[in-house]
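Thanks for asking me to look this one over with you. Below are my notes, set out as numbered points that you can follow with the structure open beside you.

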Amino acid sequence: MTSTDQQPRTTRTRRLGTTDLALVAGFAALVVVCAVLPAINVTGIVPITLQTFGVLLAGAVLGPLRGFLAVLLYLALGLAGLPVFSGGAAGFGVLAGPTAGYLVGFPLAAALTGYLVTRLPRGAAARNVPLVFLCGLVGSAVFIHTLGMAGLVLRADLTWGQAFDVDKVFWIGDVVKNVAMALVATAVHRAFPDLLHRRRAA
């Protein structure tokens with residue numbers, strides 16, 4: 001087997017280094033900050049927070065694996081009892097509430113956003129705000145909104161139509177947060193151009 005043949009296996013088995021773990025912890029902390037900032041409660045069921053900004057930014061900046069782990073760490077802290085969820089909520093009881101689907105969708109959305117950003121043409125993550133915006137919007141739509149509505153159906157005893165009516169309130173804010181996410185993510189990649197590619201090439 002040639003060294004070229006061995007490269008994909010090396011990539012798949014590479015473990016996270018100290019820098020990777022620090023980035024995962026740092027972005028988990030960022031999601032915490034976004035979550036504990038004052039929320040806006042429009043629907044009376046699910047508050048509007050900056051969580052999705054932090055979640056999607058983690059994926060867009062760190063890539064699929066580290067972004068997923070950062071948001072998973074955030075969820076683990078909250079489920080372990082730290083008051084890091086919106087409104088200071090904590091513990092496994094949140095999984096029985098109406099926001100459970102949104103929380104479950106967070107790490108998956110970060111992973112999908114990160115995956116899509118890593119599939120962009122080289123350099124686009126640092127220059128192309130619209131493409132990064134679309135990556136975040138797809139990640140949010142596929143997992144956060146879909147699973148969020150599923151959670152409303154299962155936990156708030158709503159019909160799918162009622163869940164859709166609740167969820168659509170968040171769409172405009174989601175677009176705004178994705179624009180902000182794309183602006184910040186591209187700026188970060190311009191400042192640290194190897195942040196994603198280091199993981200690809202390692």
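**Notes on the chain**

1. Let's begin with a stretch in the middle. Residues 72-94 are 35% helix and 0% strand, and the C-alpha atoms at the two ends are 15 Å apart. Please keep in mind throughout that this is a predicted model. The span itself comes from UniProt, where an unreviewed entry lists residues 72-94 under "transmembrane region". The other spans in that record are 21-40, 46-65, 100-117, 129-150 and 170-192.

2. It helps to set another span from the record beside that one. Residues 100-117 are 100% helix and 0% strand, with end C-alpha atoms 26 Å apart. For the record's "transmembrane region" label, note again that the entry is unreviewed.

3. Now for the overall picture. The chain has 10 helices and 0 strands, so the pattern along the sequence reads α-α-α-α-α-α-α-α-α-α, with helices being DSSP runs numbered from the N terminus. Of the 202 residues, 43% are buried. The exposed surface comes to about 9,900 Å², and 70% of it is supplied by carbon and sulfur atoms. If we take contacts between residues at least 6 apart in sequence, 72% of them join residues at least 24 apart.

4. What does the largest nonpolar core look like? It holds 46 residues, and Tyr74 and Met181 touch the most other members. Helix α3 (residues 51-62) gives the most to this core, with 8 residues. Met181 makes a good place to zoom in: beyond its neighbours within four places in sequence, Met181 contacts Phe53, Leu56, Leu57, Ala60, Val132 and Gly136.

5. Which aromatic rings pair up? A search of the whole structure finds 3 aromatic pairs, and one of them is formed by Tyr102 and Phe170, edge-to-face, at 6.0 Å centre to centre with 75° between the planes. Tyr102 sits in helix α5 (residues 100-118) and Phe170 in the loop between α8 (160-167) and α9 (171-191), so this pair ties together parts that are 68 residues apart in sequence. Tyr102 is buried, at 7% relative accessible area, and Phe170 is buried too, at 11%.

6. Another of the pairs joins Phe164 and Trp171. This pair is also edge-to-face, with 5.2 Å between centres and 75° between the planes. Here the partners are partly exposed: Phe164 has a relative accessible area of 34%, and Trp171 has 39%.

7. Arg66 deserves a visit. Is this arginine, in helix α4 (residues 64-79), buried or exposed? Arg66 counts as buried because its relative accessibility is 0%, and the cut-off for buried is under 20%. The side chain of Arg66 reaches the backbone oxygen of Leu62 at 3.0 Å. Across the sequence, Arg66 and Phe27 are 39 residues apart, while their C-alpha atoms are 9.3 Å apart in space.

8. From Arg66 you can step to Leu196, since Arg66 is among the residues that Leu196 touches. Leu196 lies in helix α10 (residues 194-201) and is buried, at 5% relative accessibility. Setting aside residues up to four places away in sequence, its other contacts are Ala60, Val61, Leu62, Gly63, Val117, Thr118, Ala125 and His189. Leu196 and Arg122 are 74 residues apart along the chain, with 10.0 Å between their C-alpha atoms.

9. Two loop residues are worth a look as well. Thr49 is in the loop between α2 (18-36) and α3, where it is buried, with a relative accessible area of 11%. The side chain of Thr49 reaches the backbone nitrogen of Gln51 at 3.1 Å.

10. Where is the other loop residue, Asp157? Asp157 lies in the loop between α7 (129-155) and α8. Asp157 has a positive phi of about 60° although it is not a glycine. With 69% relative accessibility, Asp157 counts as exposed, whereas Thr49 counts as buried.

Conventions:
Residues numbered from 1 in each chain as written. Predicted model: local features only at pLDDT ≥ 70, side-chain atom pairs only at ≥ 80, totals over all residues. Heavy atoms only, no water. Helix = DSSP H or I, 4+ residues; strand = E, 2+ residues; numbered from the N terminus. Buried < 20%, exposed > 50% of the residue type's maximum accessible area, 1.4 Å probe, protein only. Contact = heavy atoms within 4.5 Å. Areas by Shrake-Rupley, 256 points an atom, 1.4 Å probe, with all protein chains shown as cover. Phe/Tyr/Trp six-rings, centres within 6.5 Å; stacked < 30°, edge-to-face > 60°. Polar contact = N/O pair within 3.5 Å; in protein donor to acceptor, adjacent residues only side chain to side chain. Core = buried A, V, L, I, M, F, W, Y, C linked by side-chain atoms within 4.5 Å. UniProt positions renumbered as here; feature names shortened; annotations may be inferred.
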